[in-house]
Amino acid sequence: LNRFTPKLKKIFQEYADKNNINFELIEASSISQESVREVDLLHIDSWHNPQHLKKELDLHHRSVSKFITLHDTKLGNPMNGTQFQLWRVVETFLKEHKEWRMYEHYTLGKCGHATIKRK
């Protein structure tokens, strides 16, 4: 967490209260069991490392009922073959977990974004 957390938490909580949404801020590693919750949507934008992303997907996917969104799927250097390294993790995940399918993959711009959907 950072210096913006208290202000953002207040904004998120107010929005959640107005829209009947259960909001919970968890201060834990995204690859620890204590971070797992039953959710409709999981957004992943953490450490941009393929092994870390694989651990996050393996840990959390069973607890997500609808969507997983992933930011920065295009990151990397096209000159050394690391561009789209996170995206390749997602492709492998989809091959191994047939209960999930590609919903959207945006590759314009410098970062990339993907959404996968539970079937």
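This passage walks through the pocket, the cavity, a surface patch and several individual residues of the structure.

The structure is a predicted model, in which local features need pLDDT of at least 70, side-chain atom pairs count only at pLDDT 80 or more, and totals for chains, interfaces and linings use all residues. Residues are numbered from 1 along each chain as its sequence is written, and side-chain values use heavy atoms, with hydrogens and water left out.

The open space comes first. The largest pocket has a volume of about 1400 Å³. On a 1 Å grid over the protein atoms alone, a pocket is an open set of points with protein on both sides within 12 Å along at least five of seven lines, whereas a cavity is a set of points where a 1.4 Å probe fits but cannot get out; lining residues have an atom within 4 Å of a point. Grid points are joined across faces, edges and corners, and the volume is the space filled by probe spheres set on the points. The lining of the largest pocket consists of 32 residues, and those nearest its centre are E24, L25, I26, L42 and H43. At least two lining residues come from each of α1, β1 (39–44) and α2 (50–60), and α1 gives the most, with six. These elements are DSSP runs numbered from the N terminus (helices: H or I, at least four residues; strands: E, at least two).

Enclosed space is found as well. One cavity of 30 Å³ or more is present, and the volume of the largest cavity is about 60 Å³. Its lining includes I44, W47, L53, L70 and L86. Both α2 and β2 give two or more residues to this lining.

L70, one of the cavity-lining residues, lies in strand β2. L70 counts as buried because its relative accessibility is 2%; buried means under 20% relative accessible area, exposed over 50%, and partly exposed in between (1.4 Å probe, protein chains only). Leaving out residues up to four places away in sequence, L70 touches I44, L53, L57, V90, G112, H113 and A114, where contact means heavy atoms within 4.5 Å. T115, in strand β4 (residues 113–118), is also buried, at 6% relative accessibility. With the same sequence neighbours left out, T115 is in contact with F67, I68, T69, M102, Y103 and E104.

Turning to the loops, N20 sits between α1 and β1. N20 is not a glycine, yet has a positive phi of about 55°, and counts as exposed because its relative accessibility is 75%. The C-alpha atoms of N20 and L70 are 25 Å apart, with their positions 50 residues apart in sequence. F84 likewise has a positive phi, of about 70°, without being a glycine. The loop between β2 and α3 holds F84, which is partly exposed at 22% relative accessibility. G76 belongs to the loop between β2 (64–71) and α3 (85–96) and is partly exposed, at 41%. Beyond its neighbours within four places in sequence, G76 contacts T82 and Q83.

On the surface, L8, I11 and F12 make a nonpolar patch of about 260 Å². Patch residues have over 30% relative accessible area and no salt bridge; like charges are joined within 9 Å, and nonpolar side chains (Val, Leu, Ile, Met, Phe, Trp, Tyr) within 5 Å. Accessible areas come from the Shrake-Rupley method with a 1.4 Å probe, and for residues only the protein chains shown count as cover. A salt bridge is a side-chain nitrogen of Lys or Arg within 4 Å of a carboxyl oxygen of Asp or Glu. I11 lies in helix α1 (residues 5–18) and is partly exposed, at 43% relative accessibility.
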